[in-house]
Amino acid sequence: KYDLIELFSAAAAHPKITIVDMRHYGASKTKTIAIISPVLEDKLRKAILLGKRAIIFVNKKGYASACYCQKCGYVLRCSRCSTRFVFHFEEKKLICNSCGLKKDLITICPECSAHYIRYMGIGIEKVISQLALIFPALKICRLDKEHQTVPNDFQILVATEMLFHQEQIIEAEIIALLDIDSMMQIVNFMANEKLYALLYRCRNRAKEAIVLQTRMAAQYQRK
């Protein structure tokens, strides 16, 4: 038995996709890597002035994704499962996102005893921190496992994958995806499919535009 399944609208307008090559925006004078590109910042400013909303998707918890020694290169890992510790600014702790083990912040490297502990990578807390500096007057909200209540009057929502697990569908005129290149670096033969599924779900929630910040621009231009 065969049934005809019709798409809701083949001619429906899809959001415009902008690919931002982050290789053009290296370290600033303060030696910090740009998280919000000038292209995305400009789009956010114009959208907010018109009373529109934006969602920033970054599927990483905490503030920094790794803690390491700048002298010897030692990376602090969980003693239970060997996963890298993530620095959570809100709790002021190093937390393993796999098993939940918590550890106090360290100032001395356990490998070489040097005082060169640094934090690298980005997480949802760092993104919110930078957005607050750029847009101090805006209502910036957070959506992750620890913060699941989203007010209706948000202007910018910074969200992890919890965005897709809410009872109410949250939409915005602009959706920006940060640091999604890490999904391509996972040793998984379905990495491409998972990335495409993520982009498809974001497309269904973006009313006007999608911004992809990447250092692998050619990878997405071929899609």
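Start with Ser65: setting aside neighbours within four places in sequence, this residue is in contact with Lys60, Arg84, Phe85, Val86, Met120, Gly121 and Ile122. Keep in mind that you're looking at a predicted model. Overall, the chain has 223 residues, 40% of which count as buried, and its secondary structure comes to four helices and 11 strands.

**Ser65 and the chain as a whole**

- Ser65 sits in the loop between strand E2 (54-57) and strand E3 (66-69).
- Despite that loop position, Ser65 counts as buried, because its relative accessibility is 14% and the cut-off for buried is under 20%.
- Take the contacts in the chain with a separation of 6 or more: 62% of them are between residues 24 or more positions apart.
- As for the surface, the chain exposes about 13600 Å² of accessible area, and carbon and sulfur atoms own 53% of that.

**The nonpolar cores**

- The largest nonpolar core has 26 residues, and the members that touch the most other members are Ile56, Val127, Leu131, Ile156 and Val158.
- Two or more residues each come from helix H1 (38-49), E2, helix H2 (124-134), strand E9 (156-159), strand E10 (172-177) and strand E11 (206-214).
- H2 is the top contributor to this core, giving five residues.
- Leu131, one of those well-connected members, is in contact with Ile36, Leu44, Ile56, Ile140, Ile156 and Val158, again leaving aside neighbours within four places in sequence.
- That contact list for Leu131 includes Ile56, Ile156 and Val158, which also appear among the core residues touching the most other members.
- There's also a second, separate core of 23 residues, with Cys141, Val150, Leu157 and Ala206 among them.

**E10 and its parallel partners**

- E10 is largely enclosed by the rest of the structure, because six of its six residues are buried.
- E10 pairs with E2 in the parallel sense, over four bridges.
- In that E2 pairing, Ile56 stands opposite Ala176 of E10.
- E10 also pairs with E11, again in the parallel sense, over five bridges.
- Here Ala176 turns up once more: its bridge partner in E11 is Val211.
- Ile56 therefore has two roles to keep track of, as a core residue that touches many other members and as the residue opposite Ala176, in a strand pairing with the largely enclosed E10.
- As background, strands of a sheet pair through backbone hydrogen bonds, either parallel or antiparallel.

**The small antiparallel sheet**

- Three strands form an open sheet in the order E4-E5-E6, with antiparallel pairing.
- Strand E4 (86-88) and strand E6 (102-104) are the edge strands, each pairing on one side only.
- From one strand to the next, the twist averages 35 degrees.
- Strand E5 (residues 93-95) and E6 pair in the antiparallel sense over three bridges.
- Within this sheet, Ile95 stands opposite Lys102 in E6.

**Backbone oddities**

- Most residues other than glycine have a negative phi.
- Lys92 goes the other way, with a positive phi of about 55 degrees although it is not a glycine.
- Lys92 belongs to the loop between E4 and E5, and at 43% relative accessibility it counts as partly exposed.
- Ser113 is another residue other than glycine with a positive phi, near 65 degrees.
- Ser113 is in the loop between E6 and strand E7 (117-120), and it counts as exposed at 51% relative accessibility.

**Cysteines without disulfides**

- The disulfide count comes to zero, with the cut-off for a sulfur pair set at within 2.5 Å.
- For Cys72, the closest cysteine sulfur is in Cys112, 3.6 Å away, so the pair is too far apart for a bond.
- Cys72 is partly exposed, with a relative accessible area of 37%.
- For Cys96, the closest cysteine sulfur is in Cys81, at 3.4 Å, so this pair is also too far apart for a bond.
- Cys96 counts as buried, at 1% relative accessibility.

Technical notes: Residues are numbered from 1 along each chain as its sequence is written. This is a predicted model: local features need pLDDT of at least 70, side-chain atom pairs count only at pLDDT 80 or more; totals for chains, interfaces and linings use all residues. Side-chain values use heavy atoms; hydrogens and water are left out. Buried means under 20% relative accessible area, exposed over 50%, partly exposed in between (1.4 Å probe, protein chains only). Contact means heavy atoms within 4.5 Å. A nonpolar core is a set of buried Ala, Val, Leu, Ile, Met, Phe, Trp, Tyr and Cys residues joined through side-chain atoms within 4.5 Å. Accessible areas come from the Shrake-Rupley method with a 1.4 Å probe; for residues, only the protein chains shown count as cover. Two strands pair if DSSP finds at least two bridges between them. Axes are lines fitted to C-alpha atoms, for helices over the stretch in contact, and angles run from 0 to 180 degrees between N-to-C directions.
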